[in-house]
Amino acid sequence: MMISEMQKKVWENKVNKGFNTTNVSWEFCLLYGELAEAFDAFNKKKDDLAEELADVGIYLMGLSEMLGVNLEEEIIKKIDKNAKRVYK
């Protein structure tokens, strides 16, 4: 499954379950919270690190859909840009 397909599925789930679909600021806060949970899992060597990282991805995809951003396209563009970038 491509990222763009996952992004649509994440959005469908948000709508079907009655999760936030309009408050962008709140969604950024929720994403930040998920990232903090992933860091905590890493820092404390918890077994659920992979699941917490998946939550970060899911919240990022939901936020991207909310903002009308095709995350897959943007990631591809950014990877290409970084490959051409010269680091000193």
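**Entry 1: Lys46 and Asp40**

I started with the pair Lys46 and Asp40. Their side chains form a salt bridge, with the closest N and O atoms 2.9 Å apart. The model is predicted, so I read this distance as a computed value. I then looked up how accessible each partner is. Lys46 has a relative accessibility of 40%, so I noted Lys46 as partly exposed. Asp40 has a relative accessible area of 23% and is also partly exposed. For that value I checked the cut-off: buried means under 20%, so Asp40 does not qualify.

**Entry 2: Salt bridges elsewhere**

How many salt bridges does the structure hold? I found five. Side chains of opposite charge can pair when their charged atoms come close.

I took Lys14 and Glu27 next. The closest N and O atoms of this salt bridge are 2.9 Å apart. Lys14 sits in helix α1 and Glu27 in helix α2, so the pair ties together parts 13 residues apart in sequence. Are these two partners buried or exposed? Lys14 is buried, with a relative accessible area of 8%. Glu27 is buried as well, at 1% relative accessibility.

Then I went to Lys77 and Glu74. Their side chains meet in a salt bridge at 3.1 Å, N to O. Both belong to helix α4; because they are three residues apart there, about one helical turn separates them. Lys77 is partly exposed, with a relative accessible area of 49%. Glu74 is partly exposed too, at 34%. I also noted a network: salt bridges that share partners join Asp40, Lys44 and Lys46.

**Entry 3: Lys45**

I looked at the backbone of Lys45. Its phi is near 55°, a positive value in a residue other than glycine. Most residues other than glycine have a negative phi. Where does Lys45 lie? I placed Lys45 in the loop between α2, residues 24-43, and α3. Lys45 has a relative accessible area of 70%, so I logged Lys45 as exposed.

**Entry 4: The chain as a whole**

I stepped back to the full chain. The secondary structure comes to four helices and zero strands. From the N terminus on, the elements run α-α-α-α. The C-alpha atoms fill a box of roughly 45 × 35 × 25 Å along the principal axes. The chain has 88 residues, and buried residues make up 22% of them. Its accessible surface comes to about 6700 Å². Carbon and sulfur atoms hold 60% of that surface.

I also checked the contacts between residues with a separation of 6 or more. Residues 24 or more positions apart account for 61% of these contacts.

**Entry 5: α1 against α4**

Two packed helices are described by the angle between their axes and the distance between the axes. I looked up both for α1 and α4. Helix α1, residues 3-17, packs with α4 at an angle of about 145°, and the axes are 7 Å apart. Which residues make the contact? From α1 they are Ile3, Ser4 and Gln7; from α4 they are Leu71, Glu72 and Ile75. I sorted these residues by type: three are nonpolar, two polar and one charged.

Glu73 is also in helix α4. I computed its distance to Ser4: the C-alpha atoms are separated by 8.2 Å, with the two positions 69 residues apart along the chain counted as their separation. Glu73 is partly exposed, at 47% relative accessibility.

**Entry 6: A nonpolar patch**

Last, I looked for nonpolar surface. Phe28, Leu67 and Val69 make a nonpolar surface patch of about 250 Å².

I followed Leu67 first. Leu67 lies in helix α3. Its relative accessible area is 43%, so Leu67 is partly exposed. What does Leu67 touch, leaving out residues up to four places away in sequence? I found Val24 and Phe28. Phe28 is thus a contact of Leu67 and a member of the patch. I also checked Leu67 against Glu37. They are 30 residues apart in sequence and 24 Å apart in space, C-alpha to C-alpha.

Val69 came next. Val69 lies in the loop between α3, residues 49-67, and α4, residues 71-84. Val69 has 31% relative accessibility and counts as partly exposed. Patch members need over 30% relative accessible area, so Val69 passes at 31%.

Methods:
Residues are numbered from 1 along each chain as its sequence is written. This is a predicted model: local features need pLDDT of at least 70, side-chain atom pairs count only at pLDDT 80 or more; totals for chains, interfaces and linings use all residues. Side-chain values use heavy atoms; hydrogens and water are left out. Patches are made of residues with over 30% relative accessible area and no salt bridge: like charges are joined within 9 Å, nonpolar side chains (Val, Leu, Ile, Met, Phe, Trp, Tyr) within 5 Å. Accessible areas come from the Shrake-Rupley method with a 1.4 Å probe; for residues, only the protein chains shown count as cover. A salt bridge is a side-chain nitrogen of Lys or Arg within 4 Å of a carboxyl oxygen of Asp or Glu. Helices (H or I, at least four residues) and strands (E, at least two) are DSSP runs, numbered from the N terminus. Buried means under 20% relative accessible area, exposed over 50%, partly exposed in between (1.4 Å probe, protein chains only). Axes are lines fitted to C-alpha atoms, for helices over the stretch in contact, and angles run from 0 to 180 degrees between N-to-C directions. Contact means heavy atoms within 4.5 Å. Ala, Val, Leu, Ile, Met, Phe, Trp, Tyr, Cys and Pro count as nonpolar, Asp, Glu, Lys and Arg as charged, and the others, Gly among them, as polar.
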